[in-house]
Amino acid sequence: MAFDERLANRIREQFTFFPETFTEKKMFGGICFMFEGKMVVGIVKEDLMVRVKSEKMEENLAKDFVRPMDFTKKPMKEFIYVSAEGFETELELLQWIELGLEHAKHKLNH
């Protein structure tokens, strides 16, 4: 399973800013970070995978370095990939994690 372990460690460090508890699961040939069983973010090779609420997909897909997650060769609902240039700073990475956590909490009705 090949994924960017350095990025995984950066994500783990960002979790210290949250009161929530996150778990890890190998998925999509990479690793996913979950909140109460719902995917928040993950890593597929060097890309960051982020879960996004439907109503926020269009605005996030319009951002630089973001594209639909096409793991199955067609866009997956409520998933995006962010290339490394889109999370160079820790603040950028934190914002993607917050977006993914918002999706998870929405699915859990939190």
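**A chat about the chain**

Me: Let's start in the hairpin. Which residue in strand 2 is the bridge partner of Thr23?
Reply: Met34 is the bridge partner of Thr23 in strand 2. Keep in mind that this is a predicted model.

Me: Sure. How do strand 1 and strand 2 pair, parallel or antiparallel?
Reply: Antiparallel, over six bridges. Strand 1 covers residues 22-27 and strand 2 covers residues 30-35.

Me: And how many residues sit between them in the hairpin?
Reply: Two residues. One thing to look at there is Phe28, which is in the turn and has a positive phi of about 55°.

Me: OK, zooming out. How many helices and strands are there in the chain?
Reply: The chain has three helices and six strands. Following the sequence, their order is α-β-β-β-β-α-β-β-α.

Me: How does the radius of gyration compare with the globule rule?
Reply: The radius of gyration is 13 Å, close to the 13 Å the rule gives for 110 residues, so the chain is as compact as a globular protein of that length. Along the principal axes, the C-alpha atoms fill a box of roughly 30 × 30 × 25 Å.

Me: What share of the residues is buried?
Reply: Of the 110 residues in the chain, 47% are buried. As for the surface, the chain exposes about 6,300 Å², with 51% of that supplied by carbon and sulfur atoms.

Me: What about contacts, how many join residues at least 24 apart?
Reply: That's 55% of the contacts between residues at least 6 apart in sequence.

Me: Switching to Lys53. Where is it, and is it buried or exposed?
Reply: Lys53 is in the loop between strand 4 (47-51) and helix 2 (57-61). Lys53 counts as buried because its relative accessibility is 14%, under the 20% cut-off.

Me: Which residues does Lys53 touch, beyond those up to four places away in sequence?
Reply: Glu78, Glu102, His103 and His106.

Me: While we're on charges, how far apart are the mean positions of the positive and negative ones?
Reply: They are 7 Å apart, taken over 17 positive and 20 negative charges.

Me: Last one, Val66. Which strand does Val66 lie in?
Reply: Strand 5, residues 66-68. Val66 is buried too, with a relative accessible area of 11%.

Me: What is Val66 in contact with, leaving aside neighbours within four places?
Reply: Asn60, Leu61, Ile80, Tyr81, Val82 and Trp96. Tyr81 is 15 residues away from Val66 along the chain, and their C-alpha atoms are separated by 5.7 Å.

Conventions. Residues are numbered from 1 along each chain as its sequence is written. This is a predicted model: local features need pLDDT of at least 70, side-chain atom pairs count only at pLDDT 80 or more; totals for chains, interfaces and linings use all residues. Side-chain values use heavy atoms; hydrogens and water are left out. Two strands pair if DSSP finds at least two bridges between them. Helices (H or I, at least four residues) and strands (E, at least two) are DSSP runs, numbered from the N terminus. Buried means under 20% relative accessible area, exposed over 50%, partly exposed in between (1.4 Å probe, protein chains only). Contact means heavy atoms within 4.5 Å. The radius of gyration is taken over C-alpha atoms; the globule rule is 2.2 Å times the number of residues to the power 0.38. Accessible areas come from the Shrake-Rupley method with a 1.4 Å probe; for residues, only the protein chains shown count as cover. Lys and Arg count as positive and Asp and Glu as negative; His and the chain ends are not counted. The place of a charge is taken as NZ of Lys, CZ of Arg, CG of Asp or CD of Glu.
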